[in-house]
Amino acid sequence: MAPPPLPLFSPSPKQPPPQPWLHGPNIPASVTPPDHIEAPSKPQNDPKPQRKSSSSSNPLTAGVPGGRTRRAVLGIIRRVRSLELSDPPNTKPRPTASSSTIPFNLPIDRPQGGHEEERGRNGKERPTSRAVPWSAARDKDLKVALRREKKVPEPTPAERVLEAAELERLRRAARGMDKWVRAKKAGVTDEVVEDVRREWSSGQELAGVRVVEPLRRCMDRAREILETKSGGLVVWTKGDIHFVANIQKVPVLKCTIPEPQRTYGSISESLSNGNGDAHGAFREIDQSIGVHTYEEAPIEGTLYEREVNRLLDSLGPRFIDWWWNTPLPVDADLLPQVVPGYKTPFRQCPPGVRPTLADGELTYLRKLAHPLPTHFALGRNTKLQGLAAAILKLWEKSLIAKIAVKVGIQNTSNEQMAWNLKHLTGGTIILRNKAFIILYRGKDFLPGGVKRSVIEQEARVDAQHVKEEEARLTVIDSLQIYAGLPSEESSVGTFREYQDFQVNHVHETTENNQAMIELEAEKHRLEKELKDQERRLFTLTKKIERSNQALAKLHSSWNPSEPSSDKELLTEEEMMIFRKIGLKMDEHVLLGRRGIFDGVIEEIHQHWKHKEIVKVITKQTRAYQITYTSMLLEVETGGMLIATQKLTNSHAIILYRGKNYRRPTKSEPSNLLTKREALRRSIEVQRRGSMKYYVWERQKSIEELNWRLANVTMKIRKLTQ
């Protein structure tokens with residue numbers, strides 16, 4: 001008889017040792033400390049081990065089915081982890097060396113079932129001390145999520161002014177509206193404001209305004225502009241539609257609501273900087289309602305923001321319809337169109353510095369200009385002297401001037417704007433597109449103080465040279481009197497030589513001299529262009545010679561057949577019948593750009609295998625080409641040419657095989673070109689024809705240049721005589 005099976009675990013009168021995962025701050029009191037762990041006793045032969053009925057002695061395994069099987073152990077592990085993750089509100093873990101944790105006060109997502117944070121005696125919430133997030137890396141099942149703190153949105157003016165019930169009523173009414181005013185690319189213009197007020201005057205307390213690009217990129221900015229110009233409150237925003245409520249028909253809070261402190265350069269302040277009359281002034285609400293207007297608030301923001309706003313305020317009025325956030329750019333259209341006495345600034349490059357920009361420098365400047373705020377907003381193409389003067393003032397503190405092109409304005413050309421600004425300021429255009437124009441002041445730019453210093457220094461140097469020249473002449477005169485030196489003197493290397501050169505070659509601006517300079521420049525340009533045209537003509541001639549050699553090589557393998565002297569005779573009635581039959585045929589042979597080659601002849605014989613007539617379609621348009629093709633087909637196939645008929649977009653060639661037709665033993669003739677050779681011949685012929693046309697153009701331009709050069713030479717001779 002077989003012995004009974006051994007039990008999995010032997011009964012022990014003593015308490016079992018604690019599991020290794022129980023070492024931590026929350027160990028049950030009934031579990032034996034790790035210092036008193038005893039080795040398990042040897043298994044006995046009793047087939048029925050004793051079971052612990054008390055759940056208090058083994059709280060982890062109590063209620064877990066399966067005893068100590070694998071399933072039970074996994075259940076214990078889950079319970080232990082839930083104990084470690086949960087922090088009892090009234091008990092504190094005992095600090096031990098093995099269970100010490102580092103407080104890490106960050107917004108960590110609590111697992112489901114966790115309790116709320118503890119509160120101190122004073123009622124304030126204080127975060128509990130938790131293990132650092134990277135401690136969860138040791139446990140695959142434990143997930144700790146670090147999330148970015150959400151920025152609390154600032155309440156809108158409608159949320160601050162209106163009561164909650166009234167605001168909810170207006171939003172419910174706005175959800176049922178299906179009509180709105182469309183604000184075009186120009187933004188919230190006077191027409192849009194008039195349409196909104198027309199809706200209010202008709203008895204509606206809400207008006208919808210749909211915003212399009214580019215103002216749709218920043219809906220908060222669109223809301224501010226709309227509230228400022230219309231005098232209402234935006235109560236709800238759905239996608240790209242703002243719903244504006246009439247402040248006169250909506251009950252507001254009776255107390256004075258403090259307005260948000262606006263940063264320097266906001267809408268209200270920008271209107272006070274010389275642009276207050278555009279599209280209305282400040283938004284003022286009746287004092288009887290209890291809401292005051294915007295008051296000048298203390299300056300806020302970083303030092304950089306304050307400096308940018310101060311600099312832009314010194315350049316001109318702001319553009320209040322700007323579709324991005326602050327700072328608002330300067331409205332270049334409100335600057336003066338003509339500045340009396342304006343001149344392109346004096347420039348001088350430092351010695352040893354190249355005035356042009358290298359590729360690396362251009363890339364660096366473009367990267368530098370990307371995060372900079374927009375300085376100007378421009379909407380006209382000409383009369384930009386006021387903008388040029390403002391740009392010169394800006395360049396004294398910034399290397400780059402960033403100009404935005406206004407959208408929604410007709411007949412604007414960023415190319416013409418950039419060209420005018422470049423010639424007015426002398427700067428360098430580093431970027432130009434339909435949205436922005438970025439100008440670099442250049443390496444030779446001199447600020448106002450430096451420019452005056454350079455001019456004064458040059459004047460002092462000239463005065464010093466004049467004094468030195470006068471002293472030299474005085475010494476020479478005294479030496480001639482006392483030493484008897486000859487009166488002949490040389491001016492080589494002196495200041496007089498420089499002055500003579502300036503008078504004779506620089507400051508001499510007579511009409512004849514100016515005309516001579518222009519004629520010499522024209523002659524030099526014509527000679528250079530004539531030389532270039534002759535070089536191109538020589539290159540084309542060489543290419544045509546190479547093309548002729550390639551065609552001659554291809555034609556060497558082409559040997560057309562001789563026309564047969566023995567031809568069959570057909571009556572006029574037969575010719576007319578065959579012509580009608582051929583034109584009514586749907587099957588045809590199409591001639592492409594390769595022309596006639598061995599494959600075409602083979603296909604014609606395949607048609608004649610079943611029918612007496614074959615129709616060949618060609619796309620050629622010239623009469624001599626069609627005649628040559630039809631005669632060549634008649635000779636190579638051995639048939640009879642019936643007719644050549646003009647179709648809508650092509651020509652049809654009708655061929656009759658003859659009464660004594662016999663199919664050739666070899667369908668592909670060996671005296672014609674192959675399909676590949678025919679394609680090469682077609683390409684070479686087309687290429688040679690194009691080059692011959694260009695040769696004719698070059699010859700014509702050379703003749704014209706020779707005629708113009710002869711006229712300029714004749715004028716120069718007349719002036720020199």
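Here are five short exercises with worked solutions on the structure above.

The model is predicted, so local features need pLDDT of at least 70, side-chain atom pairs count only at pLDDT 80 or more, and totals for chains, interfaces and linings use all residues. Residues are numbered from 1 along each chain as its sequence is written, and side-chain values use heavy atoms, with hydrogens and water left out.

**Exercise 1. The overall picture**

Find how many helices and strands the protein has, and what percentage of its residues count as buried.

Solution. Start with the secondary structure: the protein has 17 helices and 13 strands. These are DSSP runs numbered from the N terminus (helices: H or I, at least four residues; strands: E, at least two). Next, take burial: 33% of the 721 residues count as buried. Buried means under 20% relative accessible area, exposed over 50%, and partly exposed in between, with a 1.4 Å probe and protein chains only. Finally, look at contacts, meaning heavy atoms within 4.5 Å. Among contacts with a separation of 6 or more, 74% come from residues 24 or more positions apart.

**Exercise 2. Two helices side by side**

Work out how α7 and α9 are oriented to each other, and which residues meet.

Solution. Two packed helices are described by the angle between their axes and the distance between the axes. Here, the axes of α7 and α9 (residues 385–395) come within 10 Å and cross at roughly 150°. Axes are lines fitted to C-alpha atoms, for helices over the stretch in contact, and angles run from 0 to 180 degrees between N-to-C directions. The two helices are therefore roughly antiparallel, a label for angles over 145 degrees (under 35 is roughly parallel, 65 to 115 roughly perpendicular, the rest oblique). Now for the residues: Leu 311, Ser 314 and Leu 315 of α7 meet Ala 390, Lys 393 and Leu 394 of α9. This contact divides into four nonpolar residues, one polar and one charged. Ala, Val, Leu, Ile, Met, Phe, Trp, Tyr, Cys and Pro count as nonpolar, Asp, Glu, Lys and Arg as charged, and the others, Gly among them, as polar.

**Exercise 3. Backbone surprises**

Locate a cis peptide bond and two positive phi values in residues other than glycine.

Solution. Most residues other than glycine have a negative phi, and most peptide bonds are trans. Begin with Glu 213 and Pro 214, joined by a cis peptide bond with omega about 0°. Pro 214 sits in the loop between β2 (206–211) and α5 (219–230). Then take Lys 383, with phi near 55°, in the loop between β6 (376–378) and α9. Last comes Asn 411, with phi about 60°. Asn 411 lies in the loop between β7 (400–405) and α10 (414–425) and is exposed at 71% relative accessible area.

**Exercise 4. Checking the cysteines**

Count the disulfides in the whole structure.

Solution. Apply the cut-off: a pair of cysteine sulfur atoms within 2.5 Å. The search finds zero disulfides. For two of the cysteines, check accessibility too: Cys 218 is buried at 10%, while Cys 349 is partly exposed at 24%.

**Exercise 5. A residue in a strand**

Decide whether Ala 652 is buried or exposed, and find which residues are in contact with Ala 652.

Solution. First, place Ala 652 in strand β13 (residues 651–656). Its relative accessibility is 0%, so Ala 652 counts as buried. Then leave aside neighbours within four places in sequence: the contacts of Ala 652 include Leu 583, Ile 617 and Leu 647. Val 616 is also in contact; its C-alpha atom is 5.6 Å from that of Ala 652, although the two residues are 36 apart along the chain.
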